4 protein chains.
Amino acid sequence: MNRGRPRSGHIDQAVAEAVRELLGEHGYQPLSIDKVAARAGVGKAGIYRRWRSKAEMVFSVVVHGTRLVPPADTGTLRGDLAALAGHIVALLSAPDARAVVPGLVADIAADPALAERFAAEFIDRERAVLGEILDRAAGRGELPAPGDAAFAHALLLGPIFTYLFLSGGEPPPGLPDRLAGAVLAALGAKE
Amino acid sequence: MNRGRPRSGHIDQAVAEAVRELLGEHGYQPLSIDKVAARAGVGKAGIYRRWRSKAEMVFSVVVHGTRLVPPADTGTLRGDLAALAGHIVALLSAPDARAVVPGLVADIAADPALAERFAAEFIDRERAVLGEILDRAAGRGELPAPGDAAFAHALLLGPIFTYLFLSGGEPPPGLPDRLAGAVLAALGAKE
Amino acid sequence: MNRGRPRSGHIDQAVAEAVRELLGEHGYQPLSIDKVAARAGVGKAGIYRRWRSKAEMVFSVVVHGTRLVPPADTGTLRGDLAALAGHIVALLSAPDARAVVPGLVADIAADPALAERFAAEFIDRERAVLGEILDRAAGRGELPAPGDAAFAHALLLGPIFTYLFLSGGEPPPGLPDRLAGAVLAALGAKE
Amino acid sequence: MNRGRPRSGHIDQAVAEAVRELLGEHGYQPLSIDKVAARAGVGKAGIYRRWRSKAEMVFSVVVHGTRLVPPADTGTLRGDLAALAGHIVALLSAPDARAVVPGLVADIAADPALAERFAAEFIDRERAVLGEILDRAAGRGELPAPGDAAFAHALLLGPIFTYLFLSGGEPPPGLPDRLAGAVLAALGAKE
DNA sequence: TGCTAAACGAGACGGTACGTCTTGTCTTGCT
DNA sequence: AGCAAGACAAGACGTACCGTCTCGTTTAGCA
């Protein structure tokens with residue numbers, strides 16, 4: 001039985017909007033709960049009632065906006081992998097994501113509980129999509145064995161992350177295709 | 001002509017030691033310039049005279065400790081790549097690095113000037129090592145073409161980073177070898 | 001309607017006590033807001049929320065302790081003036097006051113807004129008391145004219161201040177009486 | 001015999017000039033030894049070799065500029081006193097003095113050694129001038145007794161200081177004359 | 001209809017860190 | 001040995017956040 005006043009939905013909306021605005025204006029690090037509360041016209045308690053930290057709040061707002069990777073079915077494993085890699089590139093190189101990802105990853109890495117949620121909601125979901133793709137390919141006989149989805153995923157996501165956030169440059173134009181090729185080869189696919 | 005009192009070397013030493021201690025105790029985020037100064041018995045001005053931010057300070061301390069990747073020459077491309085990958089895994093999965101890397105990467109990403117230095121001193125150096133390895137392999141006829149060192153590097157570093165800092169897990173035991181295989185295949189090496 | 005959490009009174013108390021202690025220990029100049037906050041077990045923000053500077057804070061604490069000059073009515077103008085002068089001497093030669101007054105006066109002089117408050121709460125109040133005394137004397141026929149309270153006040157306070165804080169000495173024993181005489185003469189009182 | 005390089009006179013000049021400029025620009029409190037050294041193109045050591053503190057430095061510069069009170073001889077005690085009072089008013093209400101005096105007095109009061117020098121070089125000198133005036137008057141038969149120069153001086157300087165630095169206002173126009181009258185009366189002069 | 005419990009906005013609270021400034025001393029190489 | 005330059009340890013400055021707390025008010029479901 002729920003007693004007391006139910007939580008008002010408008011807080012979630014107002015906070016989400018304020019977070020997106022502030023991220024767009026100055027990026028992740030200078031964003032503070034105080035500023036979000038002020039901008040959203042919301043009490044800080046209302047925010048802390050919903051999220052335990054800035055990272056959680058931003059994460060939930062950003063996740064909510066980033067709707068699920070579409071499975072994609074191009075008919076060939078190479079095509080599916082390239083499509084998925086292209087999707088990841090698009091996702092991470094959007095201006096918002098560029099501003100948010102490194103800081104968010106750092107805060108997540110420093111908070112085990114949040115790390116688990118992040119892994120479950122982001123990494124595992126992408127891995128599942130990839131697993132589906134690999135299974136489909138195995139069904140078509142393109143793969144000799146089921147294939148390690150986690151490894152394949154690391155082989156796609158890792159280099160993209162490296163280009164975007166570690167080497168300070170842009171992912172080169174043909175990257176998704178080349179990554180797809182690398183995964184194919186690594187999994188021993190019949191070309 | 002150098003005017004004025006020269007900078008005292010003992011500050012660099014004391015700060016480096018204090019930074020290493022504090023990183024070991026509580027990780028990157030809770031480390032503050034105030035605490036470093038207090039622990040090192042050094043004025044804050046002395047720190048700000050040398051580094052413009054906590055990230056720069058930690059970076060220079062950490063970089064100084066992390067001496068250059070040894071080239072390695074196992075006789076085969078696969079062996080060289082696996083050795084390099086193993087080296088990167090060892091470097092990044094050391095307890096210190098685990099505590100420092102995500103936060104440091106975030107601060108670096110937020111500071112373009114520092115990003116450039118980081119790319120030059122870390123990424124480019126590893127790429128150069130890798131380029132040497134690839135050239136050697138091309139000389140032995142193991143590679144049909146010179147090979148894109150940046151791409152190969154992303155293919156090695158990215159997945160390791162992903163396993164360590166994004167998926168919240170451990171790199172699986174055979175990872176260096178599998179990554180070496182993936183690079184070989186992606187570069188079209190004669191097995 | 002009062003919005004937000006109301007200010008807690010215990011801060012004012014704790015700060016006042018800490019200020020008095022620290023003034024007693026080392027005087028005005030070495031007193032810092034940091035030390036007051038630490039001693040009082042109070043956040044610096046709580047202090048800056050109430051006062052804009054160390055001078056304001058000390059002033060309000062000191063003023064609060066220094067309750068109003070009693071009017072005094074000895075029956076004669078000379079007696080009233082001497083009593084008032086004696087009161088001022090006692091006030092300013094208390095050990096606390098000696099330690100605080102010069103520094104506080106300097107900071108007040110450097111801050112016009114505070115200068116106005118100080119003049120209103122200290123000087124004007126003493127002048128009002130003196131005005132009352134002069135009026136009473138005029139009523140008794142001791143004075144030919146109402147008398148310039150500001151001038152009379154300067155004639156009392158100024159020499160005391162000079163002895164205490166400018167000439168580095170002690171006010172001579174009979175000073176209040178001699179000052180009373182000087183004021184009498186200056187105002188053309190019938191002796 | 002003087003060993004070593006003799007002190008360069010240009011430092012005293014350059015410092016004096018820099019101090020006067022900086023006092024004129026921002027007043028006493030924000031003036032710092034660093035700024036003086038930088039403005040004067042002088043090393044800080046050179047300053048500390050000459051003066052033990054900012055207060056001493058400013059004091060010596062200001063004193064040096066303020067050449068000795070002229071004795072004045074108007075023929076009557078009242079005239080002499082009024083002239084002296086007028087001189088003090090002029091001295092203390094010059095824009096430079098207004099900016100410097102309260103802060104300087106505070107620092108002097110906090111440093112006993114300096115307090116003594118200040119009393120000797122300023123107060124005692126003015127008292128001596130006043131003593132001469134009183135002696136002259138006694139010689140002319142205007143005074144029944146030699147007269148307490150210290151008291152008379154406090155009666156002149158104190159009220160002026162009060163008007164200028166304590167009550168936040170201007171000394172009223174006829175002040176020197178009224179003060180002269182007060183002193184006359186207080187000393188029991190034959191009018 | 002009234003009662004009660006929780007959510008709400010606002011903002012104060014004790015702390016901590018920031019990056020800058022000032023103080024008085026020390027250390028260079030030049031004069 | 002004095003000098004200009006400037007590094008040094010210490011610590012204060014005023015601001016910004018943190019995460020918690022206390023107000024007075026509002027909004028619901030339960031009695």
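**Contacts with DNA strand E and between the chains**

Modeller: A phosphate oxygen of DNA strand E has a polar side-chain atom of Arg50(C) 2.8 Å away, in a model that is predicted.

Biologist: Why is the pair formed by Arg50(C) and a phosphate oxygen of DNA strand E called a polar contact?

Modeller: A polar contact is a pair of N or O atoms within 3.5 Å, and the 2.8 Å between the side chain of Arg50(C) and the phosphate oxygen falls within that limit, so the pair qualifies. The side chain of Arg49(A) also qualifies, because one of its N or O atoms is 2.3 Å from a phosphate oxygen of the strand. At a base nitrogen of DNA strand E, the partner is a polar side-chain atom of Lys44(B), 2.8 Å away. Among the elements giving two or more residues to the surface near the strand are α1 (9-26) and α3 (44-50) of chain A, while the largest share, four residues, comes from α3(C).

Biologist: What makes a residue count as one of the 47 around DNA strand E?

Modeller: One of its heavy atoms must lie within 4 Å of the strand, and among those that come nearest are Lys35(B), Tyr48(B) and Asp34(D). Of the atoms of DNA strand E that come within 4 Å of the protein, 67% belong to sugar and phosphate. By class, this surface has 13 nonpolar, 13 polar and 21 charged residues.

Biologist: What makes Asp148(B) and Arg178(A) a salt bridge?

Modeller: The rule asks for a side-chain nitrogen of Lys or Arg within 4 Å of a carboxyl oxygen of Asp or Glu, and the N to O distance here is 3.3 Å, so the pair meets the rule. Two salt bridges are found across the interface of chain A and chain B. On the side of chain A that touches chain B, at least two residues each come from α6 (95-109), α7 (112-139), α8 (149-166) and α9 (175-186), and α8(A) gives the most, with twelve residues. That side has 23 nonpolar, five polar and four charged residues.

Biologist: What relates chain D to chain C, and how do you know?

Modeller: A turn of 180 degrees with a shift of 0.0 Å along the axis lays chain D on chain C, with an RMSD of 0.1 Å. The two copies are therefore related as by a two-fold rotation axis. Gly158(D) is the residue of chain D closest to that axis, its C-alpha being 1.8 Å away. The copies meet through the same surface, because 100% of the interface residues of chain D are interface residues in chain C as well.

How values were computed:
Residues numbered from 1 in each chain as written. Chains lettered and ligands numbered in written order. Predicted model: local features only at pLDDT ≥ 70, side-chain atom pairs only at ≥ 80, totals over all residues. Heavy atoms only, no water. Polar contact = N/O pair within 3.5 Å; in protein donor to acceptor, adjacent residues only side chain to side chain. Nonpolar A, V, L, I, M, F, W, Y, C, P; charged D, E, K, R; others polar. Least-squares fit on C-alpha atoms with pLDDT ≥ 70 in both. Contact = heavy atoms within 4.5 Å.
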